[in-house]
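Here are my notes for a colleague opening this entry for the first time. Please keep the viewer open and follow the points in order.

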Amino acid sequence: LFIGVMLKRRVLLWLAVLITLWVSSNAQDGDKEEETTFDLLQVSNINRKTIGAKVFRGPDPTVPAYRFIRFDHIPPCKPEKLKKIIKLIRQNEGFILSATLRQDRQSRGTVLALEGPGISERQFEIISNGRANTLDLIYWVDGFQNVISLEDVDLADSQWKNLTVQITGENYNLYVGCDLIDSFILEEPFYEQLKAESSRLYVAKGSARENHFRGLFQNIQLIFDTSIEDVLRKKGCQRSQSTEVNTINESTEILHLSPAVTTEYVGEKPEKAEFCDRSCEELGSMFTELTGLRIVVNNLADNLQKVSEENQIMWELIGPNKTLKNQPVCWQDGRVFADNESWIVDSCTKCICQDSKIVCNQITCPAVSCADAAFVEGECCPVCSHSDDSEEGWSPWSDWTKCSVTCGSGTQMRGRSCDVTRSACTGPHIQTRMCSFKKCDHRIRQDGGWSHWSPWSSCSVTCGVGNITRIRLCNSPIPQMGGKNCVGNGRETEKCEKVPCPVNGQWGPWSPWSACTVTCGGGIHERSRLCNSPEPQYGGKPCVGHTKQHDMCNKKDCPIDGCLSNPCFPGAECNSYPDGSWSCGACPAGYLGNGTVCEDLDECIAVSDVCFKVNQVHRCVNTNPGFHCLPCPPRYKGSQPYGVGLEVAKTEKQVCEPENPCKDKTHSCHKSAECIYLGHFSDPMYKCECRTGYAGDGRICGEDSDLDGWPNNNLVCAANATYHCVK
């Protein structure tokens, strides 16, 4: 019998082991089939053909990086993929976002946003705010917006950053590289209310123009069913072996993880097949111990949950986490009251908790139907005495006391004394009546708060560079009862750029007059000019007038000799002889030939450096005859020579020197500021810095007696240049 029982147990044990291994194998196969990592650029169909998406080279050379310039053309995530993502977010109680990005300096932009169901509605979004140096998680619950910010993140510095955002359970953590930058404890599981129907998941697209992401994206993924340790380990991070580094205490600000390798992990790593080398008895013992351990852990978790719930309010009120968002509760006489909870302080006062403020009111007593109402100990309101009162033994009533309040409803009292030697004095010795004054003013002192910013105004110009403006009012709420006014500016101005303004054409200088067509008897010579100073651009008007001008020349009568037939080239000297023969002299300046036949000399080719070159491009214009140089290019200054012939071209060469506003004294710096030349190709070419003892934006400087970088008095600086211009 004993052997049969042992065999039966062994068979059952083998059967349990086989079932366990089969279930584990099926679970692993199911996990492999289920998608747990989503490449958001891929599931959104963002590629080289996407309108408004420019391709760049990022840290990972195997995949492209993208910069978006047309955010209205960014496609959302595929609907079928979005349904899977929302389902996994609920199952995993959150998600892990991994991204490689390079954000423009001091910019504010959306990294990831879930939009819908309405056109202008959003369920949540993650924004990198470079101006405040925070990573903001914004979500909406029951129509109310909640903002949670991780501080000192240093993302918007135009440097490539590999960030990992963990939003799972109550954790909201940010890792940059292998370092834990900041963390927060979430109070509301907003991910449980996310909806996929009629919703759209966007990368880089903000709710407004100023919230679009400015920078580069590469390898942005949503990861599920993976711990944050495994995600960081796949990125090449590992815990340091030093005990001091791994120790976490109250003073720990950043948890450092040492990178094992410098490459990033992409895709799934194949796992080596392993075989069990344990006996059935060992496996059975292990299963039994694990079952008992699970029961113990569950009991500990239940007890810990109860303790956490009982101490949640106290922890939020006095806990060391300074960034914790407290629930609206009230504290009085060592007791904690929830929002909208009421209680009785004494017999005549009732209090209620409203938005963490205690509001107390006096209990209103009903009217009494007798003239000699009296107070009963422990009761707030007077009551009538039904005993047969007698005036025997009582003194006259005293005058009524002053009303117990200065506003609203109160009470008055009067009293009388009893002569016990004469009578037992039946009846009350104190009477109370109601009194009322003007209505109480329940306003409280409150500081002013800014309203939302208005939409940006239209650009101040229709072409070129202008300004856009938005305003806000100090009316949310309005300061009252001596409250402080709002701090900051009620107006903001930013630069806006329109299409380039039209540039009208202007004539260049006239060329020298050409040689006269005859040497005597009246001829014609001409000169020309070009519409290139500047040329018409962006729809500007062309030059008004003619490109050529003609005039009479050599009007004197011709002598009767062999040269009357003008055998020589115009401008060449003709010599006649008594026998009627003639000879021609040299060709005029600017021409080459034998005097009879002359051709124009191209001074621009003969003297290649007669005019200033830009990028090895000639700026010399050859005329017939002569030449002239184009004006010096922008940011240069110099002469604009012209003339006829080689000698002039060799001696009158164009010299263009780079402009230096600091050296030429053409800058706009303040007299107490120093002009610093930044370079010929910098924009702007110079900057202004106030000298020691002064502060300001350089264009305007004021005295700074204490050398703290702020002026003694407020300065009227340029728009938005308030830094170092405020007292």
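1. Start with the bond between C178 and C237. The torsion about its S-S bond is about -80°, so this disulfide is left-handed. The model is predicted, and in it the two sulfur atoms lie 1.9 Å apart. A disulfide is a covalent bond between the sulfur atoms of two cysteines.

2. Where do C178 and C237 sit in the chain? C178 is in the loop between strand 10 (171-176) and strand 11 (179-185). C237 belongs to strand 14, residues 237-238. The pair links distant parts of the chain, 59 residues apart. Both cysteines are buried.

3. C178 has a further role in the packing. A nonpolar core of 9 residues includes C178, along with I96, Y175 and I223. This core lies apart from the largest one, which is the next topic.

4. The largest nonpolar core holds 55 residues. Which residues have the most contacts inside it? They are L40, L97, F124, Y172 and F190. Helix 3, residues 79-92, gives the most to this core, with 5 residues.

5. Look at L97 more closely. Residues up to four places away in sequence are not counted here. L97 then touches L40, V111, L112 and I126. Its contacts also include L163, T164 and V165. I220, Q221 and L222 complete the list.

6. Now step back to the whole protein chain. It has 727 residues, and 33% of them are buried. Its secondary structure comes to 9 helices and 40 strands. Take the contacts with a separation of 6 or more: 52% of them join residues 24 or more positions apart. The accessible surface comes to about 45,800 Å². Carbon and sulfur atoms account for 53% of that surface.

7. How many disulfides does the structure hold? There are 18. One of them was covered at the start, between C178 and C237. Two others deserve a look.

8. Take C531 and C543. Their sulfur atoms are 1.9 Å apart, and they form a disulfide. The torsion about the S-S bond is 75°, and the link is right-handed. Both cysteines are in the loop between strand 26 (523-528) and strand 27 (548-553), 12 residues apart.

9. Is C531 buried or exposed, or in between? C531 has a relative accessible area of 24%, so it counts as partly exposed. Its partner C543 is at 15%, and is therefore buried. The cut-off for buried is under 20%.

10. Next comes the bond from C563 to C574, again with S to S at 1.9 Å. The value about this S-S bond is -90°, and the link is left-handed. C563 lies in the loop between strand 27 and strand 28 (574-576), while C574 is in strand 28, so the pair ties together parts 11 residues apart in sequence. C563 is buried, at 10% relative accessibility. C574 is partly exposed, at 22%.

11. One further cysteine can be checked for burial. C77 has a relative accessible area of 6%, so it counts as buried.

12. Move on to an open sheet of 3 strands. The order is 32-33-35, and the pairing is antiparallel. Why is one side of strand 32 (620-622) and of strand 35 (642-643) left without a neighbour in the sheet? Both stand at the edges, each with a single partner strand, so one side of each has no neighbour there.

13. Within this sheet, strand 32 and strand 33 (residues 627-629) pair in the antiparallel sense over 3 bridges. V621 stands opposite H628 of strand 33. Strands of a sheet pair through backbone hydrogen bonds, either parallel or antiparallel.

14. Finish with S672. It sits in the loop between helix 9 (661-664) and strand 37 (673-677). Its relative accessible area is 10%, so S672 is buried. Leaving aside neighbours within four places in sequence, S672 is in contact with C690, R691, Y694 and C701. G693 is 21 residues from S672 in sequence. In space the two are 9.1 Å apart, C-alpha to C-alpha.

Note on methods. Residues numbered from 1 in each chain as written. Predicted model: local features only at pLDDT ≥ 70, side-chain atom pairs only at ≥ 80, totals over all residues. Heavy atoms only, no water. Helix = DSSP H or I, 4+ residues; strand = E, 2+ residues; numbered from the N terminus. Buried < 20%, exposed > 50% of the residue type's maximum accessible area, 1.4 Å probe, protein only. Contact = heavy atoms within 4.5 Å. Areas by Shrake-Rupley, 256 points an atom, 1.4 Å probe, with all protein chains shown as cover. Core = buried A, V, L, I, M, F, W, Y, C linked by side-chain atoms within 4.5 Å. Disulfide = S-S within 2.5 Å. Pairing = 2+ DSSP bridges.
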